[in-house]
Amino acid sequence: MSTKTSLQKTLGTWLTIGVTLLWLLGVIASGLVARHEMNEVFDSALEETAQRILPLAVTDILNREGDTGLQRALALKEHDEYLTYLIRDKSGNLLLQSHDADPRIFGAIPQEGFSETSTHRIYGESAISGTLYIEVAEPLAHRRVAVLETSLALLLPLILLIPISLVGVWWVIRRSLREVLLLQQSIEVRGGGDLSPVAVDRLPEEFGPIMISVNRLLDRLRRALEAERSFTANSAHELRTPLATALAKLQRLKVETQDVRVKTQAGEIEVSLRTLSRLSEKLLELAKAEGGGALSEHRHDLVPILRMIASDYEHQAPGKIELNLPDGDVTSLLDLDAFAILARNLIENALRHGADDQPVNISLTGDGILRVVNRGEIVSPEKLALLRNRFVRSSTKAVGSGIGLAIVEAIASGAGITLTLRSPASGQSDGFEAELNIAVVDAHS
Ligand SMILES: Nc1ncnc2c1ncn2[C@@H]1O[C@H](COP(=O)(O)OP(=O)(O)O)[C@@H](O)[C@H]1O
Ligand SMILES: [Mg+2]
């Protein structure tokens, strides 16, 4: 999972980073504009102040009688001055200063208009034909603080914006991906048995082609499987009649001929033909099992069927069948024919591949667990894993085609049952065990 990226995570992260960056750019731009505008307002206030004070200061100075020295404007109340001013003559001699003013921050010679030192913004204005000068100073720090506070106020919404953007994007994507998730689930639940087209309403447009492709693929798969099954079924079916005819003719030949060599050869051919005939029967069973129909509409009691099948085999191999059936019914949705085919294949295998001198144990419990157990050599785990594939046989001398377990597997999976193979059988040191729970049939599979 680590190498895969989540759309939700990627979009959430990048959209949030994008929104944050854009907001920061916005804050910087508005900070610059605000600073420019504030400077204009502050400058105009500075100018206005100078022009207001100047006439008062001029009157004050002119009214002094003979006393030309420095005077400090009286503070009405002790306070920190935000704007300070000096009144000087042309050559820089101080005539009047506001009570907090520090002459060191002003230039040696008074200047008209705006000027800036490293700490202050100064505005100078002259009166009486340039003989008296007023200079008003305002600390730059004040302006900086104002700009900084404005920018900080603009930054503040980011604290909310980042989580809202993350949650918002997450939510929107989650909502839009809901249908995609439905599509994914509906593809996921489709087993080999269900190849019907997937259909999800209100799928986002971008995912439409995926659904179409999946459906096209499912359709092709279904057609391929159907073609394969019908080919198997047809060829097996078509082989029946010629095989039966050939067998009949051989048997007649065996009876009619007096030649011993011809008789033995006919016997050998008959064995081969019978193998071929069994193979075609098995192929037909497999095609039917894979074609579905492992389920019936109603529940049936399977105990009597199993009893009947077991007694069939008891006739064929007397004393080799041990049967344990429950007292009550075991009902299942498994189709009766399918169950019979399944049970026959398992029992046939146990008789054919198990130890000759030991009986086969067939048991069905009240809760539907069917077990067919025989003694005999242990099958290696690697081999065991492959046995349910078609035409796979372990190195056995017994006749067979390697299709029996494939038929059982096809019926089981068609009914949603798990076939478990064990070797050695549970509770034994050798042998083979096939187990399935026939009561757990999934009607939707
Ligand atoms: N009851 C069993 N005991 C031992 N081996 C078994 C048993 N059932 C199946 N096998 C092994 O699994 C192989 C495949 O079984 P199957 O598909 O029925 O084919 P076949 O019986 O025609 O050989 C068999 O050849 C055999 O080696
Ligand atoms: Mg078999």
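1. Helix α8 contributes the most to the shell around ligand 1 in this predicted model, with three residues. Alongside α8 (336–353), α10 (404–414) also gives two or more residues to that shell. Helices here are DSSP runs (H or I, at least four residues), numbered from the N terminus.

2. For your contact list: of the 16 residues around ligand 1, Asn374, Arg393, Ser394, Ser401 and Gly402 come nearest, where near means a heavy atom within 4 Å. By class, the shell has six nonpolar, nine polar and one charged residues, with Gly counted as polar and Asp, Glu, Lys and Arg as charged.

3. Now the polar contacts, meaning pairs of N or O atoms within 3.5 Å. An oxygen atom of ligand 1 is 2.5 Å from a side-chain N or O atom of Arg393. Polar backbone atoms also take part: one of Ser401 is 2.7 Å from a ligand 1 oxygen, and one of Gly402 is 2.7 Å from a ligand 1 oxygen. The protein covers 96% of the 520 Å² of accessible area that ligand 1 has on its own (Shrake-Rupley, 1.4 Å probe).

4. What about Leu336? This residue is found in helix α8, and counts as partly exposed because its relative accessibility is 29% (buried is under 20%, exposed over 50%, with a 1.4 Å probe and protein chains only).

5. A few conventions may help. Residues are numbered from 1 along each chain as its sequence is written, while chains are lettered from A and ligands numbered from 1 in the order written. As the model is predicted, local features need pLDDT of at least 70, side-chain atom pairs count only at pLDDT 80 or more, and totals for chains, interfaces and linings use all residues, while side-chain values use heavy atoms, without hydrogens and water.

Key. A polar contact is a pair of N or O atoms within 3.5 Å; within protein, one must be able to donate a hydrogen and the other to accept it, and residues adjacent in sequence count only if both atoms are side-chain atoms.
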